[in-house]
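Biologist: Please show me the model, and then let us go through its helices, pockets and cavities.

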Amino acid sequence: MNEIEYEKLISNLRRLKLYRIIEILDNYLERVNKEEISFTEALAYLIKEETQFKEDKSLEIRTRVAGFPYRKTIEDFDFSFQPSIDMRQINELRTMRFIVNKENVIFLGPPGVGKTHLAIGLGIDAIRNNYSVYYTNCYELIRKLNKARFENTLDRQLKRLLKYKVLIIDEIGYLPFDKEGANLFFQLISRKYEKSSIIITSNKSFKDWGEIFNDEVIASAILDRLLHHATVINIKGNSYRLKDRINARVRTEQGG
Ligand SMILES: Nc1ncnc2c1ncn2[C@@H]1O[C@H](COP(=O)(O)OP(=O)(O)OP(=O)(O)O)[C@@H](O)[C@H]1O
Ligand SMILES: [Mg+2]
């Protein structure tokens, strides 16, 4: 292949946006010649590289869109530290059937037991399975919905949230909702009900949700919809954040 033909090839690859092939072509052609790699094998290799590159990029973009506060997977989770978690439930969730069936997932438990980690981990699994995911902290969510209400764009904002196959709402219960906040949250939940999945984390048990929303009636209306089709994972255990401190104390007490 002469230089002009090679330039043409590169420009065509660029037009087709086959950037990974452009990147590796030079070196690979050398290898093909030296090792007498067959045409089909070479073609298969280049296409495989490009496909992988595109998949990785798409995964990265969709993960960025999801807006996780940190990236940790279910594989990163040490289940032996949290024996109250039923692995069958986790494995069932990882089949992604809950998304197909438009069911919800609720992680309950005290601080540091891994609620956010598992919610993000499930979210990353969902992205790997090509579902759209969006993470929000519940105060940020209410702030945005309130702002949208003032700007007369609430409907558009709610529709935007409805289009995600999985909406993660983190940290319900740390701060109480005001009346308008509770109202907005109810609107979101009732519009999402049976349309797509919500993953929620909360440090408060359901009986305390009346207090969080400052309104027993609205809290029970929200719970009624959330729990109709839902997996509830109640984590009872120690904070992972304090793990090292507890270990250090044990070592000190043992004189180690
Ligand atoms: N079993 C675990 N294995 C590995 N890392 C864990 C485990 N549990 C928690 N962690 C890590 O500890 C930190 C706190 O966990 P996480 O953010 O999930 O807590 P949380 O239950 O959401 O607490 P909070 O209610 O305070 O938000 C994170 O960095 C998380 O990755
Ligand atoms: Mg958390």
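Modeller: Helices (H or I, at least four residues) and strands (E, at least two) are DSSP runs, numbered from the N terminus. This is a predicted model, in which local features need pLDDT of at least 70 and side-chain atom pairs count only at pLDDT 80 or more, while totals for chains, interfaces and linings use all residues. Residues are numbered from 1 along each chain as its sequence is written, and side-chain values use heavy atoms, with hydrogens and water left out.

Biologist: Which element gives the largest share of the lining of the second largest pocket?

Modeller: On a 1 Å grid over the protein atoms alone, a pocket is an open set of points with protein on both sides within 12 Å along at least five of seven lines, a cavity is a set where a 1.4 Å probe fits but cannot get out, and lining residues have an atom within 4 Å of a point. Both α2 (19-35) and α3 (39-66) supply at least two residues here. The largest share, four residues, comes from α3.

Biologist: How do the residues of that lining divide into nonpolar, polar and charged?

Modeller: Ala, Val, Leu, Ile, Met, Phe, Trp, Tyr, Cys and Pro count as nonpolar, Asp, Glu, Lys and Arg as charged, and the others, Gly among them, as polar. The lining consists of Met1, Leu9, Leu25, Leu29, Val32, Ile37, Phe39, Ala42, Leu43 and Leu46. That gives no polar, no charged and ten nonpolar residues.

Biologist: Which element gives the most to the lining of the largest pocket?

Modeller: Of its 22 lining residues, the closest to the centre are Tyr70, Gly112, Gly114, His117 and Arg241. At least two lining residues come from each of β3 (166-172) and α6 (115-128). The most, three residues, come from α6.

Biologist: Why are the buried residues of α8 on the same side?

Modeller: Buried means under 20% relative accessible area (1.4 Å probe, protein chains only). In α8 (154-162), the buried residues are Leu154, Gln157, Leu158 and Leu161. They share a side because the arc that they cover around the axis, taken from the directions from the helix axis to the C-beta atoms, is only 100 degrees.

Biologist: Which elements each supply at least two residues of the lining of the largest cavity?

Modeller: This cavity is lined by Tyr134, Thr136, Leu141, Lys144, Leu145, Gln157, Arg160 and Leu161. By class, the lining has four nonpolar, two polar and two charged residues. The elements are β2, α7 and α8.

How values were computed:
Chains are lettered from A and ligands numbered from 1 in the order in which they are written. Buried means under 20% relative accessible area, exposed over 50%, partly exposed in between (1.4 Å probe, protein chains only). Contact means heavy atoms within 4.5 Å.
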